[in-house]
Structures are given as structure tokens and as C-alpha cells.
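Subject: Structure handover

Hello,

Here is the structure I promised to pass on. Please open it before you read the notes below.

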Amino acid sequence: MGKSFRFHHTYDGIQTLILRLQEAESLTENKPVIVLESTGHYYLGLVAHFKKQRDEVIILSSLIARRARKSKLRSVDP
């Protein structure tokens, strides 16, 4: 569907996130799985909202996420 993205933890930022999730759902005809990095307490409100909507939410440890960003998941060497 697309690359990971960042958004501001503001009303407008969260609305952008919700619109992207709705777009993904309409394109795939499946409810997307939401994967968040645990960032202090900031992610808790989002998790509560998505679980209330019965969305599937996966929380990644920031240590695991950092390690994954540094690893080469696929080689693009010619």
C-alpha cells in the first residue's frame, strides 16, 4: 500500500492517519492491521481509539523497531 509514515500527534495529524487507513481499507476491501511503535505514553490514546473501533493493533518495542530500521530486510544490490 505504501511506505511507513510519521504524523503529528494533533487532531489534524490523527485525522490524516484515519483517512489513510480508510483509503487502505477501501482499496483492499480488508481492514488494515495497525502497527505502532511504543513511544512513551503518546501511543496509548491511539491504541484505545483503534481498539474501540475493533481494529487489530500491534505494538512494537522501540528497541525492536530501531533494530529493524537498521537491518537490511531485502537486498537491492545489482
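The notes below go from the overall fold to single residues.

**Overall fold**

Please keep in mind that this is a predicted model. The protein has three helices and two strands. Along the sequence they follow the pattern α-β-α-β-α. Of the 78 residues in the protein, 21% are buried.

Helix α1 covers residues 11-28, and strand β1 covers 34-37. Helix α2 takes in residues 42-52. Strand β2 spans residues 57-60.

**The strands**

How do β1 and β2 run, and how many bridges join them? They run parallel, and four bridges join them. One bridge pair can be named: Glu-37 has Leu-60 in β2 as its partner. Together with α2, the two strands make a β-α-β unit, and that unit is right-handed.

Val-57 is a useful residue to look at here. It sits in strand β2. It is buried, because its relative accessible area of 17% is under the 20% cut-off. Its C-alpha atom is 7.5 Å from that of Leu-36. Along the chain, Val-57 and Leu-36 are 21 residues apart.

Ile-58 is also in strand β2. Is Ile-58 buried, partly exposed or exposed? With a relative accessible area of 36%, Ile-58 is partly exposed. So Val-57 falls in the buried class, while its neighbour in the numbering, Ile-58, falls in the partly exposed class. As general background, side chains in a regular strand alternate between the two faces of the sheet.

**A nonpolar patch**

Ile-58 belongs to a nonpolar patch on the surface. The other members are Val-33, Val-35, Leu-60 and Ile-64. Together the five residues have about 380 Å² of accessible area. Leu-60 therefore appears twice in these notes: in the patch and as the bridge partner of Glu-37.

**The salt bridges**

How many salt bridges does the structure hold? There are two.

In one of them, Glu-25 pairs with Lys-31. The closest N and O atoms of that pair are 4.0 Å apart. Glu-25 is partly exposed, at 31% relative accessible area. Lys-31 is partly exposed too, at 46%.

In the other, the side chains of Lys-31 and Asp-55 meet, with 3.1 Å from N to O. What does this pair tie together? Lys-31 lies in the loop between α1 and β1, and Asp-55 lies in the loop between α2 and β2, so the pair ties together parts that are 24 residues apart in sequence. Asp-55 counts as buried, because its 14% relative accessibility is under 20%. Salt bridges that share partners join Glu-25, Lys-31 and Asp-55 into one network.

The side chains of Asp-55 and Lys-31 also appear as a polar contact of 3.1 Å.

**Two positive phi angles**

In general, most residues other than glycine have a negative phi. Which residues have a positive value here? Two to look at are Glu-29 and Arg-54.

Glu-29 has a phi near 60 degrees. It is in the loop between α1 and β1. Its relative accessibility is 71%, so Glu-29 counts as exposed.

Arg-54 has a phi near 65 degrees. It is in the loop between α2 and β2. Its relative accessibility is 73%, so Arg-54 counts as exposed as well.

Asp-55 is in the loop that holds Arg-54. Their burial classes differ: Arg-54 is exposed, whereas Asp-55 is buried.

**A contact across the sequence**

One last pair involves Ala-24, in helix α1. Is Ala-24 buried or exposed? Ala-24 is buried, with a relative accessible area of 11%. Its partner in the pair is Gly-2. The two are 22 residues apart in sequence. From C-alpha to C-alpha, Ala-24 and Gly-2 are 9.3 Å apart in space.

**Where to look**

For a quick tour, begin with the parallel strands β1 and β2. Then find the network of Glu-25, Lys-31 and Asp-55. Finish at the nonpolar patch that includes Val-33 and Ile-64.

Best wishes

Methods: Residues are numbered from 1 along each chain as its sequence is written. This is a predicted model: local features need pLDDT of at least 70, side-chain atom pairs count only at pLDDT 80 or more; totals for chains, interfaces and linings use all residues. Side-chain values use heavy atoms; hydrogens and water are left out. Patches are made of residues with over 30% relative accessible area and no salt bridge: like charges are joined within 9 Å, nonpolar side chains (Val, Leu, Ile, Met, Phe, Trp, Tyr) within 5 Å. Accessible areas come from the Shrake-Rupley method with a 1.4 Å probe; for residues, only the protein chains shown count as cover. Buried means under 20% relative accessible area, exposed over 50%, partly exposed in between (1.4 Å probe, protein chains only). Two strands pair if DSSP finds at least two bridges between them. A crossover is right-handed if, with the strands pointing away from the viewer, the path from the first strand over the helix to the second runs clockwise. A polar contact is a pair of N or O atoms within 3.5 Å; within protein, one must be able to donate a hydrogen and the other to accept it, and residues adjacent in sequence count only if both atoms are side-chain atoms.
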